[in-house]
Amino acid sequence: MTLPGPGSTLRGMSRTPDAQQSPVADFEASLDQLEQLVEKMEHGEMSLEESLAAYERGVGLYRRCQVALEQAELRVRLLSDPEQPDNAEPFGAPAADG
């Protein structure tokens, strides 16, 4: 197996994330790809077929980002209250009164 040398990039290459990649790294990579895809679509120079394929790819990237965020939230809940992670307040929830 050959690794890319300094200055080379894997950007734009379609690859399956390996099992050792952290959810945070996967989120950042997916978000970066999604932003690039949106920028390309906004230029309006794609055919209908290319646009549909790009939209489909974008939906997949969006879902990967959602999964990564859910995993991050679960990790925070486990760190906040390891005994009862289900009782931890969800992000953005108003604080309970008294």
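**Two helices and the core between them**

The secondary structure of the protein comprises two helices and zero strands, where helices (H or I, at least four residues) and strands (E, at least two) are taken as DSSP runs and numbered from the N terminus. The structure is a predicted model, in which local features need pLDDT of at least 70 and side-chain atom pairs count only at pLDDT 80 or more, whereas totals for chains, interfaces and linings use all residues. Residues are numbered from 1 along each chain as its sequence is written, and side-chain values use heavy atoms, with hydrogens and water left out.

The pLDDT, the predictor's confidence in each residue on a scale from 0 to 100, has a mean of 76 over the protein, and 67% of the residues reach 70 or more. Over residues 1-17 the pLDDT is below 50, and this stretch has seven contacts in the model beyond near neighbours in sequence, a contact being defined by heavy atoms within 4.5 Å. Where pLDDT is low, the predicted coordinates should not be read in detail.

Of the 98 residues in the protein, 13% are buried; here buried means under 20% relative accessible area, exposed means over 50%, and partly exposed lies in between, for a 1.4 Å probe and with protein chains only. The protein exposes about 8,200 Å², of which carbon and sulfur atoms supply 55%, the accessible areas being obtained by the Shrake-Rupley method with a 1.4 Å probe, and for residues only the protein chains shown count as cover. Among contacts between residues at least 6 apart in sequence, 45% join residues at least 24 apart.

The lengths of both helices were compared with an expected span, defined as 1.5 Å times one less than the number of residues. For α1, with 20 residues, the expected span is 28 Å, which agrees with the 28 Å between its end C-alpha atoms. For α2 (residues 48-80), with 33 residues, the expected span is 48 Å, and its end C-alpha atoms are 47 Å apart, which agrees.

The buried residues of α1 are D26, S30, L34 and L37. They cover an arc of only 65 degrees around the axis, which puts them on the same side of α1, the arc being that of the directions from the helix axis to the C-beta atoms. An α-helix has 3.6 residues a turn, so residues three or four places apart point the same way. On the other side of α1, E28 and E42 are exposed. The buried residues of α1 pack against α2, and in turn the cover of the buried residues of α2 includes α1 (23-42). In α2, the residues A54, G58, L61, C65, A68 and R77 are buried. Helix α1 is followed by G44, whose phi is positive, near 70 degrees.

The largest nonpolar core consists of five residues, namely L34, L37, M46, A54 and L61, and α1 and α2 each supply at least two residues of this core. A nonpolar core is understood as a set of buried Ala, Val, Leu, Ile, Met, Phe, Trp, Tyr and Cys residues joined through side-chain atoms within 4.5 Å.

Contacts of individual residues are described leaving aside neighbours within four places in sequence. On this basis M46 is in contact with K40, M41, S51 and A54. A54, which is found in helix α2, is buried with a relative accessible area of 6%, and is in contact with L37, M41 and M46. M41 is placed in helix α1 and, at 30% relative accessibility, counts as partly exposed; the residues in contact with M41 are M46, S51, A54 and Y55. The C-alpha atoms of A54 and M41, which are 13 residues apart along the chain, are separated by 7.6 Å, while those of M41 and Y55, 14 residues apart along the chain, are separated by 8.6 Å. E35 also lies in helix α1 and is partly exposed, with a relative accessible area of 48%. E35 and G58 are 23 residues apart in sequence, and their C-alpha atoms are 9.0 Å apart in space.
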